[in-house]
Amino acid sequence: MAVSFAKQIRPLFTERDVEHMSFFCDLSSYEDVKANAAAILGRLDGSGGTRMPPDFAGGPWPDADVALFAQWIKDGTPP
């Protein structure tokens, strides 16, 4: 079964994450997250810079959540 944005990915982003990253994209928007998925993954896994989110925003995602996001991309970013 494919990972979906609505059921598995969107709930991973806290409201604080959404507010903090509003300068970059709207993490509550499927279209924005889909369009920026590779860059978001790079920040979540640390391959694209400092691992996000920072400690003041709850700290980095657990590896299982990062893997789920990566699987969502691999599945073709279904809504």
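Guide: The radius of gyration used here is taken over C-alpha atoms, and the globule rule is 2.2 Å times the number of residues to the power 0.38. The model under discussion is predicted.

Visitor: What does that rule give for the protein chain, and what radius of gyration does the chain have?
Guide: For 79 residues the rule puts a compact globule near 12 Å, and the protein chain has 11 Å, so the two agree. The C-alpha trace spans about 35 × 20 × 20 Å along its principal axes.

Visitor: How many helices and strands are there?
Guide: The protein chain has five helices and zero strands. Read from the N terminus, the order of elements is α-α-α-α-α.

Visitor: What share of the residues is buried?
Guide: Buried residues account for 39% of the 79 residues. The exposed surface of the protein chain is about 4,600 Å², and carbon and sulfur atoms supply 56% of that area.

Visitor: And how much of the contact set links residues 24 or more positions apart?
Guide: Among contacts with a separation of 6 or more, 52% are between residues 24 or more positions apart.

Visitor: Turning to the interior, which residues touch the most other members of the largest nonpolar core?
Guide: That core has 20 residues, and those touching the most other members are Ile9, Phe13, Leu27, Val33, Ile40, Phe69 and Trp72. Helix 1, helix 3 (30-35), helix 4 (37-45) and helix 5 each give two or more residues to this core. Helix 4 supplies the largest share, four residues. As general background, nonpolar side chains tend to be buried together in soluble globular proteins.

Visitor: Which residues of helix 4 are buried?
Guide: Ala37, Ile40, Leu41, Gly42 and Leu44 are buried in helix 4. The buried residues of this helix pack against helix 3 and helix 5.

Visitor: What does Ile40 contact beyond its sequence neighbours?
Guide: Setting aside residues within four places in sequence, Ile40 is in contact with Phe13, Phe24, Cys25, Leu27, Val33 and Phe69.

Visitor: What comes just after helix 4?
Guide: Gly46 is found there, with a positive phi of about 85°.

Visitor: Which residue has a positive phi although it is not a glycine?
Guide: That is Thr77, with a phi of about 55°. Most residues other than glycine have a negative phi. Thr77 sits in the segment after helix 5. Its relative accessible area is 9%, so Thr77 counts as buried.

Visitor: New topic, the aromatic rings. How many aromatic pairs are there?
Guide: The count is seven aromatic pairs. One of them joins Phe5 and Tyr30, with 5.6 Å centre to centre and 65° between the planes, an edge-to-face arrangement.

Visitor: Why does the pair of Phe5 and Tyr30 tie together separate parts of the sequence?
Guide: Phe5 lies in helix 1 and Tyr30 in helix 3, so the pair ties together parts that are 25 residues apart in sequence. Phe5 is buried at 5% relative accessibility, and Tyr30 is buried with a relative accessible area of 17%.

Visitor: Why is the pair of Trp61 and Phe69 classed as it is?
Guide: Their ring centres are 6.2 Å apart and their planes stand at 70°; planes over 60 degrees apart count as edge-to-face, so this pair is edge-to-face. Both Trp61 and Phe69 are buried.

Visitor: Which residues do ring pairs link into a cluster?
Guide: The cluster comprises Phe5, Phe13, Tyr30, Trp61, Phe69 and Trp72.

Visitor: Now some polar residues. Is Ser4 buried or exposed?
Guide: Ser4 has 13% relative accessibility, so it counts as buried. Ser4 belongs to the segment before helix 1 (5-9). A polar atom of the Ser4 side chain lies 3.0 Å from the backbone nitrogen of Lys7. Not counting residues up to four places away in sequence, Ser4 touches Ile9, Trp72, Pro78 and Pro79.

Visitor: And Asp63, buried or exposed?
Guide: Asp63 has a relative accessible area of 58%, so it is exposed. Asp63 is in helix 5 (residues 63-74).

Visitor: Which side chain does Asp63 join through a polar contact?
Guide: The partner is Arg51, and the polar contact between the two side chains is 3.2 Å.

Visitor: Finally, what separates Asp63 from Asp26?
Guide: The C-alpha atoms of Asp63 and Asp26 are separated by 23 Å, and the two residues are 37 residues apart along the chain.

Definitions and conventions: Residues are numbered from 1 along each chain as its sequence is written. This is a predicted model: local features need pLDDT of at least 70, side-chain atom pairs count only at pLDDT 80 or more; totals for chains, interfaces and linings use all residues. Side-chain values use heavy atoms; hydrogens and water are left out. Buried means under 20% relative accessible area, exposed over 50%, partly exposed in between (1.4 Å probe, protein chains only). A polar contact is a pair of N or O atoms within 3.5 Å; within protein, one must be able to donate a hydrogen and the other to accept it, and residues adjacent in sequence count only if both atoms are side-chain atoms. Contact means heavy atoms within 4.5 Å. A nonpolar core is a set of buried Ala, Val, Leu, Ile, Met, Phe, Trp, Tyr and Cys residues joined through side-chain atoms within 4.5 Å. Accessible areas come from the Shrake-Rupley method with a 1.4 Å probe; for residues, only the protein chains shown count as cover. Rings of Phe, Tyr and Trp (its six-membered ring) pair if their centres lie within 6.5 Å; planes under 30 degrees apart count as stacked, over 60 as edge-to-face and the rest as tilted.
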